[in-house]
Amino acid sequence: LGADGVLRVVTAGAAVAGVIMTEEFPAAHRGWARGMAGALSACGFGLGALLWLIAACRYHNEKLAISA
């Protein structure tokens, strides 16, 4: 899988997760479930950005794809 394929798989997974949350959670808890999914997604994005920053700072003098 290339980057385009990975993006498609992740997007499809997020869509399926949203459908499952809508169908399986009681109506009173759906908002909480969607909010938690968004919060966990934001934490994952932040962790990825932090790791990217650490790698870019650590290897900035080397000829790597992330240092371009």
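**Exercise 1. Place Ile54 in this predicted model and classify its exposure.**

Step 1. Ile54 sits in helix H2, which spans residues 30–58.
Step 2. Its relative accessibility is 46%. Partly exposed residues fall between the 20% and 50% limits.
Step 3. Ile54 therefore counts as partly exposed.
Step 4. Ile54 also belongs to a nonpolar surface patch, together with Leu47, Leu50, Leu51 and Leu53. The patch covers about 480 Å².

**Exercise 2. Find the salt bridge and describe its setting.**

Step 1. Count first: the structure holds one salt bridge.
Step 2. The partners are Arg8 and Asp4. Their closest N and O atoms are 3.1 Å apart. The cut-off is 4 Å, so the pair qualifies.
Step 3. Side chains of opposite charge can pair when their charged atoms come close.
Step 4. Both residues lie in helix H1, residues 3–24. They are four residues apart, about one turn of the helix.

**Exercise 3. Is Arg8 buried or exposed, and how does Asp4 count?**

Step 1. Arg8 has 58% relative accessibility. Exposed means over 50%, so Arg8 counts as exposed.
Step 2. Asp4 has 47% relative accessibility, so Asp4 counts as partly exposed.

**Exercise 4. Summarise the fold elements and the surface of the whole protein.**

Step 1. The protein has two helices and zero strands.
Step 2. Of its 68 residues, 6% are buried.
Step 3. The exposed area is about 5,600 Å². Carbon and sulfur atoms supply 70% of that area.

Terms used. Residues are numbered from 1 along each chain as its sequence is written. This is a predicted model: local features need pLDDT of at least 70, side-chain atom pairs count only at pLDDT 80 or more; totals for chains, interfaces and linings use all residues. Side-chain values use heavy atoms; hydrogens and water are left out. A salt bridge is a side-chain nitrogen of Lys or Arg within 4 Å of a carboxyl oxygen of Asp or Glu. Buried means under 20% relative accessible area, exposed over 50%, partly exposed in between (1.4 Å probe, protein chains only). Patches are made of residues with over 30% relative accessible area and no salt bridge: like charges are joined within 9 Å, nonpolar side chains (Val, Leu, Ile, Met, Phe, Trp, Tyr) within 5 Å. Accessible areas come from the Shrake-Rupley method with a 1.4 Å probe; for residues, only the protein chains shown count as cover.
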